[in-house]
Amino acid sequence: MIAEDIKFMGRALELAKLRKGLTHPNPTVGCVIVKDGQIVGEGYHEKAGMPHAEVIALQKAGEKAKGATLYVTLEPCTHYGRTPPCTDAIIKAGLKRVVIATLDPNPLVSGKGVERLKKANIEVLVGVLEEEAKKLNEDFFVYITQRRPYITLKWAQSIDGTMATKTGNSKWISSEESRAFVHQLRAEATAVLVGINTALTDDPQLTIRAFPWEKQPVRIVLDPQLKIREDLKIVKDREAQTIVISAVEKEDKIKRLEELGIKVILAPWEEGKLNLKEVLRELYFMEIMHILVEGGSTTHTTFIKENLFDRLWVFIAPLLLGEGKRIGDLGISLIKEAKKLKLREIKKFGMDIALEYIRENSTNLQAS
């Protein structure tokens, strides 16, 4: 890798980040075309069904693309999906060199894009800022390789680990600054999920309100006994789609909810709980690529206990609350049985500390 390659791939990653959360179920991709040390075209994938980043950059570069170098954050596609293959457009434009941050995990593409370009006598370099590119699209990598949504768990707690008082009150443990950052996490997700107890107790909107955003995440409620009320914000407002996952078929109530625009999905009830793996399988087929699980403690406990999470954001406020709601029994008796995580980032919001943890090798976790 030379300094110039790192510089221009960095710019491609900046472009890709502009659309993070808006391209699902596609990855977010940026592209830059450089000739004689100058950018002659650049672009990003706007959303699913729209032209890919490479095509946009080539259109902007025009004839200047001939003999130039193309930098792209993800391997160009070789197959017909919602759009034609990008490799064909690259070859036709007469590019001399293509620099790729990371290969595409999709079996329809992985390695095939590189092979196609090399066969056309185009010089190809793979691996420039690879880790940054993989992190940017880690949700897409899990979605493609594991055939399930990428799952981020998020909660706020006191110093002593309490997520809500014993009466269920949790507004507000975290600071206003922390809550604004949560809206950014929502923006990066396809859907936001809560359990029915959180929906009934807190009556959340689960929308992005801290800044203007093109698309609201889908709202999902795990509601095994279909207790949801029609006066809740997630039912009354039409700002975002709401999906209710239930285990009981109450035909009259389902009909009323559907008339209000709510989608009700029936899921298996096994061993006293919803079968989360089947729920995630259904959501995968609905092209839900990334789920932000916001609560409550029972829902978080279930996801953790069943090893169905990839990332954790924990907001710690300078409070002591004592007895109250917290992560429940995970079936762990010995320290060596603990679920081990890797600390990736630390942020400060007002007086809060936010910790981002990831599960190492989470892309190897099976959802079935």
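Which residues form a nonpolar patch on the surface, and about how much accessible area do they have together? The close-ups below come from a predicted model, and the first one takes up that question.

**View 1. A nonpolar patch built from Leu343, Ile346 and Ile353.** Put together, these three residues offer about 250 Å² of accessible area. Zoom in on Ile346 and you'll find it sitting in strand E17, which covers residues 342-349. Ile346 has a relative accessible area of 54%, so it counts as exposed, the cut-off for that label being over 50%.

**View 2. Ile332 in the loop between strands E16 and E17.** Here we look at the stretch between E16 (324-325) and E17 (342-349), where Ile332 lies. With a relative accessible area of 34%, Ile332 is partly exposed. Leave out residues up to four places away in sequence, and Ile332 touches Glu337, Ala338 and Lys339. Leu274 is another residue to pick out if you want a distance: 58 residues separate it from Ile332 along the chain, and their C-alpha atoms are 21 Å apart.

**View 3. A positive surface patch made by Lys171, Arg209, Lys233 and Lys236.** Let's zoom in on one of its members, Lys171. Lys171 is found in a loop, with strand E7 (164-165) on one side and helix H7 (176-188) on the other. Its relative accessibility is 41%, so Lys171 goes down as partly exposed; that label covers values from 20% to 50%.

Note on methods
Residues numbered from 1 in each chain as written. Predicted model: local features only at pLDDT ≥ 70, side-chain atom pairs only at ≥ 80, totals over all residues. Heavy atoms only, no water. Patch = residues over 30% accessible without salt bridge, like charges linked within 9 Å, V, L, I, M, F, W, Y side chains within 5 Å. Areas by Shrake-Rupley, 256 points an atom, 1.4 Å probe, with all protein chains shown as cover. Salt bridge = Lys/Arg side-chain N within 4 Å of Asp/Glu carboxyl O. Lys, Arg positive; Asp, Glu negative; His and termini not counted. Charge placed at Lys NZ, Arg CZ, Asp CG, Glu CD. Helix = DSSP H or I, 4+ residues; strand = E, 2+ residues; numbered from the N terminus. Buried < 20%, exposed > 50% of the residue type's maximum accessible area, 1.4 Å probe, protein only. Contact = heavy atoms within 4.5 Å.
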